[in-house]
Each structure stands twice: as structure tokens, then as C-alpha cells.
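Reader: I'd like to walk through this one with you before I set anything up. Could you take my questions as they come?

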Amino acid sequence: MEILKVQHLSKTYGKDENQVNALKDVSFALEQGEFAAVVGESGSGKSTLLNCIGALDTPTAGNIYMDGNDLFSMKEEQRTIFRRRNIGFVFQSFQLVSELTVEQNIMFPILLDYRKPEQSAVNEILEVLGLKERRHHLPSQLSGGQQQRVATDYKT
Ligand SMILES: Nc1ncnc2c1ncn2[C@@H]1O[C@H](COP(=O)(O)OP(=O)(O)OP(=O)(O)O)[C@@H](O)[C@H]1O
Ligand SMILES: [Mg+2]
């Protein structure tokens, strides 16, 4: 089954002489369960593409269908909820909340979605990430790899 379909995607930043065509007519599709890597030189548009697919930024033209849902025909609020529930995005700079513990950082997006995190689900995430012994640590007390795993945005 096709989980992601990108059609004629373009993204232009800026205006006039500052205009940058970061994406020009990009089309591809991915099957469910398929792994893909985006490879290209610095400035070639990798982050721009991922930001659009992750519904963090809007393209100038084109469509993205995720599991059959047209991301950019949704209203912004609807897209935000769709992103929260369906898309995981590991930021290079983690974006953890420094005042919250490992466990609280994992629960935070679930609470933002007005849901009550199940302790058993949180335990499972901690187990999978190998962070059970670090659950009460703050991000500043973790290694780089451990911080990145907390930021994995695991979907339960
Ligand atoms: N907010 C912006 N305003 C104007 N131009 C931008 C903006 N963001 C990115 N660009 C330009 O768009 C192009 C694509 O940038 P992008 O960040 O997607 O590249 P990248 O492939 O992720 O590069 P890197 O490997 O260095 O992270 C670059 O030429 C960049 O200068
Ligand atoms: Mg980049």
C-alpha cells in the first residue's frame, strides 16, 4: 500500500533577486514499511522536502498524500492534529523540553493531544529506547544518542 505520495512539489523561498527555488517539481511515492534516505549536497533541499512531508512547512505548489490524506487541503488546525497523531519527526537539535524529565518529555505530546498517557505504554517506550534507568533524568543529564532517542516521537 502506498503510504506517501508526493506530486509535483515545489518550494520557493523569498522574492525577486533573493528568490531560491529549493524544490522544483519533485514527485515520488513510498510503500508502507519501505525505508528511504534523502541524499544530496548541502543546500540541495533535503530539509525543505522533509519539512513539507512532515507538515511543518507548506509547499509553494504540489500535493502530498499521506495514507491517502491530502495534507495541504486540510485547514491548518486539522493538519496540526494529523501531524501530532500520525507523523514522527526526529529533529537534529532534539527539541526536548529541558525542564522536563525523560518520562515527562515522552508523555508531553500525548498530553498536548488531550489524551491520558497509559503508564504501560510509557514503560514500553522507555524499554524499547533502552532508557528505563534514565526515566527521571533531565535532557542535560543524557548522552547525545540518549537525547535523540527521547526525541524519537514514538507513536503508541
Ligand atoms: N527560510 C529560507 N529562506 C530562504 N532560503 C532558504 C530558506 N531555507 C532554506 N533556504 C535555501 O533553500 C535551499 C535548500 O535548503 P535546505 O535547508 O532544504 O537544504 P539541505 O539540503 O537540507 O542542506 P544541508 O545539507 O546543508 O542541511 C538552500 O539553498 C537554502 O539556502
Ligand atoms: Mg538540511
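Reader: By class, what kinds of residues make up the shell around ligand 1?

Author: In this predicted model, the shell around ligand 1 has eight polar residues, three nonpolar ones and one charged one. The residues that surround ligand 1 are Y13, G14, V20, A22, G40, S42, G43, S44, G45, K46, S47 and T48.

Reader: And which elements supply at least two residues of that shell?

Author: Two elements do so, namely β2, which covers 20–31, and α1, which covers 46–53. The largest share comes from α1, with three residues of the shell around ligand 1.

Reader: Ok, the sheet next. In what order do the strands come?

Author: The open sheet consists of four strands in the order β2-β1-β3-β4, with antiparallel pairing. At its edges stand β2 and β4, each of which has a single partner strand, so one side of each is left without a neighbour in the sheet.

Reader: How many bridges join β1 to β2, and how many does β1 share with β3?

Author: There are eight bridges between β1 and β2, running antiparallel, and V6 stands opposite F28 in β2. Strand β1, residues 2–13, pairs with strand β3, residues 61–66, over five bridges, again in the antiparallel sense, and here S10 is found opposite A61 in β3.

Reader: What about β3 and β4, how are those two connected?

Author: They form a hairpin with two residues between them, and in the turn D67 has a positive phi of about 50 degrees. The antiparallel pairing of β3 with β4, which is residues 69–70, rests on two bridges, with M66 opposite N69 in β4.

Reader: Switching to packing: which residues are in the largest nonpolar core?

Author: That core has eleven residues, which are V6, L9, A22, L23, L49, C52, I53, A55, I64, M66 and L71. At least two of its residues come from each of β1, β2, α1 and β3, and α1 gives the most, with three. There is also a second, separate core of eight residues, and among them are L96, M107, L126 and A151.

Reader: Back to L23 for a moment, what is it in contact with once sequence neighbours are left aside?

Author: If neighbours within four places in sequence are left aside, L23 is in contact with L9, S10, K11, G45, T48 and L49. Of these, L9 and L49 are also listed in the largest nonpolar core, while G45 and T48 are among the residues that surround ligand 1.

Reader: You listed A55 in the core. Where is it, and what is its phi?

Author: A55 is placed in the loop between α1 and β3, and although A55 is not a glycine, its phi is positive, at about 60 degrees.

Reader: Why does A55 count as buried?

Author: Because A55 has 21 C-beta neighbours inside 10 Å, and a residue is taken as buried when 20 or more other C-beta atoms lie within that distance.

Reader: Y114 has a positive phi too. Is Y114 buried or exposed?

Author: Y114 counts as exposed, because it has 6 C-beta neighbours inside 10 Å. Y114 is found in the loop between α3 and α4, the latter being 119–128, and it comes just after α3, with a positive phi of about 60 degrees.

Reader: Then α3 itself, which of its residues are buried, and what covers them?

Author: In α3 the buried residues are V102, E103, N105, I106 and M107, and what covers them includes α4 and α5, the latter being 144–150.

Reader: And S98, what does its surrounding look like: buried or exposed?

Author: S98, which sits in the loop between α2 (76–86) and α3 (102–112), is exposed, with 9 other C-beta atoms within 10 Å. Its contacts, leaving aside neighbours within four places in sequence, are with L138, P139 and S140. S98 and S143 are 45 residues apart along the chain, and 14 Å separates their C-alpha atoms.

Reader: Last one, how is the chain divided into domains?

Author: Domain 1 runs over 2–86 and domain 2 over 102–150, with 28 Å between their C-alpha centres.

How values were computed:
Residues numbered from 1 in each chain as written. Chains lettered and ligands numbered in written order. Predicted model: local features only at pLDDT ≥ 70, side-chain atom pairs only at ≥ 80, totals over all residues. Near = placed C-beta within 6 Å. Nonpolar A, V, L, I, M, F, W, Y, C, P; charged D, E, K, R; others polar. Domains from an automatic or database assignment. Pairing = 2+ DSSP bridges. Core = buried A, V, L, I, M, F, W, Y, C linked by C-beta atoms within 7 Å. Buried ≥ 20, exposed ≤ 12 C-beta atoms within 10 Å, placed from the backbone. Contact = placed C-beta atoms within 7 Å.
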